[in-house]
Amino acid sequence: VSPAQAVAEQATPRPSFAMADGGDAVGAETAEPMSNGGDDVGAEALGALADGGGVVNVDATMADVDGADAARADAGDGADIDALCALFDDSGQKEQAGDDAAAGSDVDSLFGCLASQSSVVGDAVAPTPEKVDVEAAPTPEEDLPPTDLALPSGVEVVPFTMIAKFDVRCEVDMKKVAFALRHAEYNPRKHGSITIRLFEPRATALLRPSGVASITGPVEPDVLKACAKKVARLVQRAGHPEAKFAAFKINGIMAKANLGFPVRLDELAARWRRNALYEPELYCGCVFRTYRPRASYLVTAGGKVMLSGCRRLEDLREALRRIYPVLAEFQH
């Protein structure tokens, strides 16, 4: 409590009520507190009791209480404002005297708490990001165990198809090409591309509206490239004279092999859970994938293997040589 508030409380009279003769209220200003059995009673209180014992100036007493509270509040607010003004006046005098450090200390003490809280909140909301060293991804280890075992004489890799892609360098109107070519199939409800089939040599191309096409056909790269050029020429004749053959690239070769023994696919999938995927309710074969060498194997229970994912025939032979000991472990 400030000194001004303490002085205001001492100067303000505090009302009190005493009950006499059946509970009538007597004002503090008209009657003193009763003592010694109630003998010392003010003259005004006795007159009020003689007239009928009514309430003595209760409204005036409540008004005095409200006024006293307001006076104390005004006195307290005024004292706080005066103290703050005196603080700033004192700081100004100190600055004029040349003591800058002492002048700002009082003001800093007022706003120090607010500054500290704001700094804490700012740190909590927007922490300073720390630099994180990004390490290079570790090179994955080889999936299959190394082996020097050569393939048996009866086990050979037989390639049966090659996959490549090329570009005609223009936007293709699907309907125009479909109506112009005899061996073109286009059903927008099923697929958004056109299927173009060649019979000599036998190949199948899938042409997209962007002009990118993929083709599957003979294993010889030169023959497959000639088939891709034929498809580009057909697109030119189908109302796209700006089309041209470009960006031919072989994506992969598909091959097959016969191991010569049946394989327990359930045991293979249980042992090689990281690489094998076997769902007999969906498909009878087991899909086996490896990162090194990068290849995919489709193994059947009868010992037939289909290989894909390699772009050279030598890579396919190496992939089959690496997986042969693994499959031979589960023969029956």
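**View 1. Strands 3 and 8 side by side.** In this predicted model, strand 3 (residues 158–167) runs antiparallel to strand 8 (residues 246–258), and the pairing covers eight bridges. To find your place in the pair, look for Met162, which sits opposite Ile253 in strand 8. Helix 8 (residues 313–328) packs on the sheet and touches both strand 3 and strand 8.

**View 2. The whole sheet and the helix that packs on it.** Zooming out a bit, the sheet is an open one of 10 strands with antiparallel pairing. Reading across, the order goes 4-5-6-7-3-8-12-11-10-9. Strand 4 and strand 9 (276–278) are the edges, each with pairing on one side only. Besides strands 3 and 8, helix 8 also touches strand 10 (286–290), strand 11 (295–299) and strand 12 (304–310). The direction of helix 8 makes about 135° with that of strand 12.

**View 3. Glu185 and Arg197, a salt bridge between two strands.** Here Glu185 and Arg197 form a salt bridge, with 3.2 Å between the closest N and O atoms. The two residues are 12 apart in the chain and link distant parts of it: Glu185 belongs to strand 4 (residues 184–185) and Arg197 to strand 5 (residues 194–199). Glu185 is partly exposed, at 42% relative accessible area. Arg197 also counts as partly exposed, at 36%.

**View 4. Asp167 with Arg169.** This salt bridge joins Asp167 to Arg169, and the closest N and O atoms are 3.9 Å apart. That still makes the cut, because a salt bridge is counted within 4 Å. Is Asp167 buried or exposed? Asp167 has 15% relative accessibility, so Asp167 counts as buried; the cut-off for buried is under 20%.

**View 5. Arg312 with Asp315.** Now look at Arg312 and Asp315, whose side chains meet in a salt bridge at 3.1 Å, N to O. Arg312 is partly exposed, with a relative accessible area of 49%; that falls short of exposed because exposed means over 50%. Asp315 is partly exposed too, at 29%.

**View 6. The full chain, for orientation.** How many salt bridges does the structure hold? There are five. The protein chain has eight helices and 12 strands, and 29% of its 332 residues count as buried. Of the contacts between residues at least 6 apart in sequence, 62% join residues at least 24 apart. About 21,600 Å² of the chain is exposed, with carbon and sulfur atoms supplying 53% of that area.

Methods:
Residues are numbered from 1 along each chain as its sequence is written. This is a predicted model: local features need pLDDT of at least 70, side-chain atom pairs count only at pLDDT 80 or more; totals for chains, interfaces and linings use all residues. Side-chain values use heavy atoms; hydrogens and water are left out. Buried means under 20% relative accessible area, exposed over 50%, partly exposed in between (1.4 Å probe, protein chains only). Helices (H or I, at least four residues) and strands (E, at least two) are DSSP runs, numbered from the N terminus. Two strands pair if DSSP finds at least two bridges between them. Contact means heavy atoms within 4.5 Å. Axes are lines fitted to C-alpha atoms, for helices over the stretch in contact, and angles run from 0 to 180 degrees between N-to-C directions. Accessible areas come from the Shrake-Rupley method with a 1.4 Å probe; for residues, only the protein chains shown count as cover.
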